[in-house]
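Reader: I have a model open and would enjoy going through its contacts with you. Shall we look at it together?

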Amino acid sequence: HSKHKVGAGKEDFETCEPVFSESNALACEIQNTTNFHRHHALDEHFSFTDMDRYATLCKSLFISSTLG
């Protein structure tokens, strides 16, 4: 658990909170599905989230490199 790791502070895990908050929105939709469909839905959610974040990062890096 994170509270037992030496040197791990509250700030180290603040980025995790929004990620899991977004995935909690799926709970009502997948609570009555099979394990396969539950895992598939979560995998798709995190894959799309990763793609969106990488796209935003790439766009930011491109804009900052063209302006600087």
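Reader: Leaving aside neighbours within four places in sequence, which residues is L42 in contact with?

Author: Happy to start there, with a word on the basis. This is a predicted model, in which local features need pLDDT of at least 70 and side-chain atom pairs count only at pLDDT 80 or more, while totals for chains, interfaces and linings use all residues. Residues are numbered from 1 along each chain as its sequence is written, and side-chain values use heavy atoms, with hydrogens and water left out. L42 sits in helix 3, and with contact meaning heavy atoms within 4.5 Å, its partners beyond four places in sequence are L26 and I30.

Reader: Thanks! How many helices and strands does the protein have?

Author: Helices (H or I, at least four residues) and strands (E, at least two) are DSSP runs, numbered from the N terminus. Along the sequence the pattern reads α-α-α. The count is three helices and zero strands.

Reader: Is L26 buried or exposed?

Author: L26 is found in the loop between helix 1 and helix 2 (27–30). Buried means under 20% relative accessible area, exposed over 50%, and partly exposed in between (1.4 Å probe, protein chains only). L26 has a relative accessible area of 15%, so this residue is buried.

Reader: What does L26 touch, not counting residues up to four places away in sequence?

Author: One partner is L42, 16 residues from L26 in sequence, with 7.9 Å between their C-alpha atoms. L42 itself is partly exposed, because its relative accessibility is 28%. With residues up to four places away not counted, L26 touches A41, L42 and H45.

Reader: H45 is in that group, so which residues does H45 touch in turn, not counting those up to four places away in sequence?

Author: H45 lies in helix 3 and counts as buried because its relative accessibility is 17%. Across the whole protein, buried residues make up 9% of the 68 residues. Beyond four places in sequence, H45 touches V19, E22, S23 and L26.

Reader: At roughly what angle do the axes of helix 1 and helix 3 cross?

Author: Axes are lines fitted to C-alpha atoms, for helices over the stretch in contact, and angles run from 0 to 180 degrees between N-to-C directions. Helix 1 covers residues 16–24 and helix 3 residues 35–67, and their axes come within 11 Å. The crossing angle is roughly 135°.

Reader: Why is helix 1 called oblique to helix 3?

Author: Angles under 35 degrees count as roughly parallel, over 145 as roughly antiparallel, 65 to 115 as roughly perpendicular and the rest as oblique. Because the axes cross at roughly 135°, helix 1 is, relative to helix 3, oblique.

Reader: Which residues of helix 3 do V19, F20, E22 and S23 in helix 1 meet?

Author: On the helix 1 side, the contact is made by V19, F20, E22 and S23. On the helix 3 side, they meet H45, F46, T49 and R53.

Reader: How many aromatic pairs are there, and which residues form the pair?

Author: Rings of Phe, Tyr and Trp (its six-membered ring) pair if their centres lie within 6.5 Å; planes under 30 degrees apart count as stacked, over 60 as edge-to-face and the rest as tilted. The count comes to one aromatic pair. Its ring centres are 6.4 Å apart and the planes stand at 70°, so the pair is edge-to-face, formed by F20 and F46.
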